Amino acid sequence: MNKEIINFRKDLEKDLTQHRFEHSLGVEYTSACLAIVHGADVTAARIAGLLHDCAKCVPDDEQIRIMEKAGQPPLQEEYDDHSLLHAKCGAVLARDKFGIDDEDILNAIRFHTVGRPNMSLLEKIVYIADFMEPNRKDLIIMDGVRHAAFIDIDQTLLWIMEGVLSFVKQKGLVPAPSGLAAYEYYKNQIKIDESLRNWRKD
Ligand SMILES: [Fe+2]
Ligand SMILES: [Fe+2]
């Protein structure tokens, strides 16, 4: 067993609620599976998946303080929607508390909520694993996404971004500009594969 990962789990279990800890384990395992299929570093995927929500249970004002102290103050969209704070704050904690210095792992944590244009393979894996890990409740696109993720990572990424944006709009909320920019980037890059989206509809 990887000792570093076992120690991260022990620390995380103290920092997170039981629900969030179980979710983090789910993202760890799902990231590992996606890394195996798509040829990413499996240990890096496990660590990024495990730690992606490490700041989730830190109070919002404390998250803001941590980010400001690290010289990475929140963007306006993160002040407007505090649920976005934990991604960038998580990257700071992963570096300063858990000792992670791999920039790709830190970026996978930093961009796991809204994504960004031109994401690395590891960033895509954690973004997708966060959405589809087995503890997540079943959404209408979940079966299709879980199937597609092991076949075409970019199609899956775009599908999730689309789903998240339409959910945000349905609720009458304004999408985060960063999330919108990431979606626009991939929408212009990728021609949707309808057969992948309709795999169970015949
Ligand atoms: Fe998160
Ligand atoms: Fe998460």
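**Exercise 1. Is His23 buried or exposed, and which residues does His23 contact?**

Solution. At a relative accessibility of 3%, His23 counts as buried. The model is a predicted one, and in it His23 belongs to helix 2, which spans residues 18-38. The next step is to list the partners of His23. With neighbours within four places in sequence left aside, His23 is in contact with His52, Asp53, Asp130, Glu133, Asn135 and Arg136.

**Exercise 2. Determine how many disulfides the model contains, and explain the count with reference to Cys54 and Cys89.**

Solution. Step one is the criterion: the two cysteine sulfur atoms of a disulfide lie within 2.5 Å. Step two applies this to Cys54. Its closest cysteine sulfur is that of Cys89, at 7.5 Å, which is too far for a bond. Step three takes the other side: for Cys89, the closest cysteine sulfur is in Cys54, again at 7.5 Å and too far for a bond. The count is therefore 0 disulfides. As to their surroundings, Cys54 is buried at 3% relative accessibility, and Cys89 is buried with a relative accessible area of 0%.

**Exercise 3. Describe how helix 6 packs on helix 7: what are the angle and the distance between their axes?**

Solution. Two packed helices are described by the angle between their axes and the distance between the axes. For helix 6 (residues 85-96) and helix 7 (residues 103-110), the axes come within 7 Å and cross at roughly 150°. Angles over 145 degrees count as roughly antiparallel, so helix 6 is roughly antiparallel to helix 7. The crossing of helix 6 with helix 7 is right-handed. On the side of helix 6, the contact is formed by Ala87, Lys88, Gly90, Ala91, Ala94 and Arg95, and on the side of helix 7 by Leu106, Ile109 and Arg110. Sorted by class, this contact comprises 5 nonpolar, 1 polar and 3 charged residues.

**Exercise 4. Carry out the analysis for helix 8 and helix 10: at what angle do they pack, and which residues meet?**

Solution. Helix 8 (residues 121-132) packs with helix 10 (residues 153-170) at an angle of about 50°, and their axes are 10 Å apart. This angle makes helix 8 and helix 10 oblique to each other. Their crossing is left-handed. From helix 8, the residues Leu121, Lys124, Ile125, Tyr127, Ile128 and Phe131 take part; they meet Ile153, Asp154, Thr156, Leu157, Ile160, Met161 and Val164 of helix 10. By class, the contact has 10 nonpolar, 1 polar and 2 charged residues.

**Exercise 5. How many residues of helix 3 are buried, and against which helices do they pack?**

Solution. Of the 10 residues of helix 3, 8 are buried, so the rest of the structure largely encloses this helix. The buried residues are Ala44, Ala45, Arg46, Ile47, Ala48, Gly49, Leu50 and Leu51. They pack against helix 1 (3-15), helix 2, helix 6, helix 7 and helix 8.

Arg46 of helix 3 deserves a separate step. The cut-off for a buried residue is under 20% relative accessible area, and Arg46, at 19% relative accessibility, counts as buried. Arg46 touches Ile5, Arg9, Glu28 and Ala32, residues up to four places away in sequence not being counted.

**Exercise 6. How many residues of helix 7 are buried, and which are they?**

Solution. Helix 7 is mostly covered, with 6 of its 8 residues buried. These are Ile105, Leu106, Asn107, Ala108, Ile109 and Arg110. The buried residues of helix 7 pack against helix 3 (42-51), helix 6 and helix 8.

**Exercise 7. Where do Asp15 and Leu139 lie, and what is the relative accessibility of Asp15 and the relative accessible area of Leu139?**

Solution. Asp15 is placed in helix 1. Its relative accessibility is 27%, and Asp15 counts as partly exposed. Not counting residues up to four places away in sequence, Asp15 touches Cys57, Lys97 and Phe98. The C-alpha atoms of Asp15 and Glu162 are separated by 32 Å, the two residues being 147 residues apart along the chain.

Leu139 lies in the loop between helix 8 and helix 9 (142-148). With a relative accessible area of 40%, Leu139 is partly exposed. From C-alpha to C-alpha, Leu139 and Ile100 are 33 Å apart in space, and 39 residues apart in sequence.

Conventions: Residues numbered from 1 in each chain as written. Chains lettered and ligands numbered in written order. Predicted model: local features only at pLDDT ≥ 70, side-chain atom pairs only at ≥ 80, totals over all residues. Heavy atoms only, no water. Buried < 20%, exposed > 50% of the residue type's maximum accessible area, 1.4 Å probe, protein only. Axes fitted to C-alpha atoms, helices over the stretch in contact; angles between N-to-C directions. Helix = DSSP H or I, 4+ residues; strand = E, 2+ residues; numbered from the N terminus. Parallel < 35°, antiparallel > 145°, perpendicular 65-115°, else oblique. Left-handed = near helix turned anticlockwise from the far one by under 90°. Contact = heavy atoms within 4.5 Å. Nonpolar A, V, L, I, M, F, W, Y, C, P; charged D, E, K, R; others polar.
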